[in-house]
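Student: Could you take me through one part of this model up close, and then show me how it sits in the rest of the chain?

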Amino acid sequence: MKATSYKVIHNGYKIDFLDSMEQVDELIETRLAPYNHLRPQKIMDRTLKTSGNKKMRLVRYAYHTLYEEDFIIDYEC
């Protein structure tokens, strides 16, 4: 069964609702694009089952600086 909506939380405060995981991946790429000169590297991409049919995907990118970008994607399938 396909999820009907994806809630994306970026760095703990910016929230978006999307219709597909493809849109989620595009949003992540869009958010990272202005900082490509800092060489973002994916250091985590895990999907966890939380409760019932709910899942949470954690995606984390680190720059060569001390900063990171965190994305939490909540969905139900």
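**A close look at helix α1**

Tutor: Let's start with what α1 hides: its buried residues are Met21, Val24, Leu27, Ile28, Arg31 and Leu32. Look down the helix axis and these buried residues fall within an arc of 130°, so they line one face of α1. Keep in mind that this is a predicted model. Flip to the face turned away from that buried side and you'll find the exposed residues Glu22, Glu29 and Thr30.

As for the helix itself, α1 covers residues 21-32, twelve residues in total. From its first C-alpha to its last it reaches 17 Å, close to the 16 Å expected at 1.5 Å a residue.

What do the buried residues of α1 pack against? They pack against four strands: β1 (6-10), β2 (14-18), β4 (54-62) and β5 (68-76).

Now zoom out. The protein chain has one helix and five strands, and from the N terminus on the order of elements is β-β-α-β-β-β. Its radius of gyration is 13 Å, close to the 11 Å that the globule rule gives for 77 residues, so the chain is as compact as a globular protein of that length. Along the principal axes, the C-alpha atoms fill a box of roughly 40 × 20 × 20 Å.

Of the 77 residues, 31% count as buried. The accessible surface comes to about 5,400 Å², and carbon and sulfur atoms account for 50% of it. As for how the chain folds back on itself, take the contacts between residues at least 6 apart in sequence: 36% of them join residues at least 24 apart.

One residue in a strand that α1 packs against is worth a stop. Glu68 lies in strand β5, and Glu68 is partly exposed, with a relative accessible area of 34%. Leaving aside neighbours within four places in sequence, Glu68 is in contact with Asn11, Ile43, Arg60, Tyr61, Ala62 and Tyr63. With Arg60 there is also a polar contact, 3.0 Å between the two side chains. For another distance to check on screen, try Glu68 and Pro34: they are 34 residues apart in sequence, and their C-alpha atoms are 14 Å apart in space.

So, back to the helix: one face of α1 is lined by its buried residues, which pack against β1, β2, β4 and β5, while Glu22, Glu29 and Thr30 are exposed on the face turned away.

Technical notes:
Residues are numbered from 1 along each chain as its sequence is written. This is a predicted model: local features need pLDDT of at least 70, side-chain atom pairs count only at pLDDT 80 or more; totals for chains, interfaces and linings use all residues. Side-chain values use heavy atoms; hydrogens and water are left out. Helices (H or I, at least four residues) and strands (E, at least two) are DSSP runs, numbered from the N terminus. The expected span of a helix is 1.5 Å times one less than its number of residues. Buried means under 20% relative accessible area, exposed over 50%, partly exposed in between (1.4 Å probe, protein chains only). The arc is that of the directions from the helix axis to the C-beta atoms. Contact means heavy atoms within 4.5 Å. The radius of gyration is taken over C-alpha atoms; the globule rule is 2.2 Å times the number of residues to the power 0.38. Accessible areas come from the Shrake-Rupley method with a 1.4 Å probe; for residues, only the protein chains shown count as cover. A polar contact is a pair of N or O atoms within 3.5 Å; within protein, one must be able to donate a hydrogen and the other to accept it, and residues adjacent in sequence count only if both atoms are side-chain atoms.
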